[in-house]
Amino acid sequence: AGTAWYGVYFLFELVIRSPRIPANSYDAHLLRLSARVLSIFAVATTLVLGANDIGIPAVGVLAGLGVGGVALALASQATIENLISGVSLFADRPFRVGDWIEFDGSAARVERVGPRSTRLRMRAGTLCTVPNTDLLKMHITNLSERSNCYLDQVLPLHGDSPADAVELLMASLREFLLQEPLVEQDGGWPRIHVVAMQPGRIDLRLSATVLTPDNAQFLAFQSRLILLARQRMDELGLRLAVPLPAAAQA
């Protein structure tokens with residue numbers, strides 16, 4: 001039984017150490033999970049065959065184990081459910097080890113996907129362990145797999161802003177976006193429009209696809225755009241809208 005246990009692990013590790021499978025890749029973790037499951041079956045099969053060879057009635061033993069197995073299965077229902085969920089995560093591959101993901105309003109890096117739980121390193125540096133069943137039910141956003149970033153900003157201008165000054169501001173921002181190599185310029189993008197007029201404010205919306213998956217580069221570009229908008233507003237004498245009291249909004 002011990003030979004069967006270690007033999008399964010040895011064979012799988014030989015496969016994992018091949019040049020085609022990186023040591024910390026998704027496939028390597030899937031193979032190690034499979035090795036754990038197969039080693040249990042290998043040990044059980046070896047024990048049953050060995051019992052038959054020395055004259056122990058294996059069928060009777062299995063019948064007894066079957067009754068105990070039902071009780072064990074009921075007691076370990078959560079563990080089995082997490083194991084199946086872990087296999088589902090490996091099969092569906094919503095993320096890989098090392099990816100940054102967003103889940104349940106939090107962002108973290110995937111460090112390990114195990115048979116029962118997944119370990120996630122939060123942005124604060126803390127280690128979070130999430131059961132596979134819970135993680136499988138969550139809406140997961142894979143930040144490492146995105147191809148670009150989306151810019152969506154609303155400038156709430158004061159309601160008494162002159163129309164010609166608003167048009168000059170839009171033209172200045174549109175010129176900046178059209179000259180920026182990071183901004184996609186296809187199919188009517190980027191877009192700068194007046195989208196709403198409410199009591200005391202005029203909403204100006206800026207939308208663009210920024211051709212970079214790097215969040216730091218996107219934030220730097222967004223900062224330059226917002227500061228440029230502020231500078232042009234000062235030059236044109238435009239002001240931001242003052243938020244209305246809650247009673248007035250109602």
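How many of the chain's residues count as buried? Of its 250 residues, 32% do, where buried means under 20% relative accessible area, exposed means over 50% and partly exposed lies in between (1.4 Å probe, protein chains only).

## Getting your bearings

What you have here is a predicted model, in which local features need pLDDT of at least 70 and side-chain atom pairs count only at pLDDT 80 or more, while totals for chains, interfaces and linings use all residues. Residues are numbered from 1 along each chain as its sequence is written, and side-chain values use heavy atoms, with hydrogens and water left out.

The chain has 8 helices and 8 strands; these are DSSP runs numbered from the N terminus, with at least four residues for a helix (H or I) and at least two for a strand (E). Its accessible surface is about 15200 Å², and carbon and sulfur atoms hold 60% of that; the areas come from the Shrake-Rupley method with a 1.4 Å probe, and for residues only the protein chains shown count as cover. Take the contacts in the chain with a separation of 6 or more: residues 24 or more positions apart account for 60% of them. Contact here means heavy atoms within 4.5 Å.

## The five-stranded sheet

Strands S4-S3-S2-S1-S5, in that order, make an open sheet of 5 strands with antiparallel pairing. Two strands pair if DSSP finds at least two bridges between them. At the edges are strand S4 (127-131) and strand S5 (140-142), each pairing on one side only. From one strand to the next, the twist averages 40 degrees. Axes are lines fitted to C-alpha atoms, for helices over the stretch in contact, and angles run from 0 to 180 degrees between N-to-C directions.

Inside this sheet, S2 (residues 106-113) and S3 (residues 117-122) are joined by 5 bridges in the antiparallel sense. Look for Arg112, which stands opposite Arg119 in S3.

## The three-stranded sheet

The other sheet to look at is open too, with 3 antiparallel strands in the order S6-S8-S7. S6 and S7 have a single partner strand each, so one side of each is left without a neighbour in the sheet. Here the twist averages 20 degrees from one strand to the next.

S8 (residues 201-210) is mostly covered, with 8 of its 10 residues buried. On one pairing, 10 bridges join S8 to S6 in antiparallel fashion, and Leu151 stands opposite Ala208 in S8. The S7 and S8 pairing, also antiparallel, has 7 bridges. Met197 has Ile202 of S8 as its bridge partner, and Gln198 has Arg201 of S8. S7 and S8 form a hairpin with 2 residues between them, and Gly200 in the turn has a positive phi of about 85 degrees.

Helices lie across these strands as well. H6 crosses S6, S7 and S8, running at about 150 degrees to S7, while H7 lies across S6 and S8 at about 20 degrees to S6.

## Rings and charges

The structure holds 2 aromatic pairs. Rings of Phe, Tyr and Trp (its six-membered ring) pair if their centres lie within 6.5 Å; planes under 30 degrees apart are stacked, over 60 edge-to-face, and the rest tilted. Tyr150 and Trp189 have ring centres 6.1 Å apart and planes at 75 degrees, so they are edge-to-face. This pair links distant parts of the chain, 39 residues apart: Tyr150 sits in strand S6 (residues 149-158) and Trp189 in the loop between helix H6 (163-178) and strand S7 (191-198). Tyr150 is partly exposed at 47% relative accessibility, and Trp189 is partly exposed at 23%. Phe176 and Phe221, with centres 6.0 Å apart and planes at 10 degrees, are stacked. Phe176 is in helix H6 and Phe221 in helix H7 (residues 215-236), so this pair ties together parts 45 residues apart in sequence. Phe176 is buried at 17%, and Phe221 is buried at 1%.

Charges show up over rings too. A charge sits over a ring if NZ of Lys or CZ of Arg is within 6 Å of the ring centre and within 35 degrees of the ring normal. Arg191 lies over the face of Trp189, 4.1 Å from the ring centre, and Arg123 lies over the face of Trp100 at 4.5 Å.
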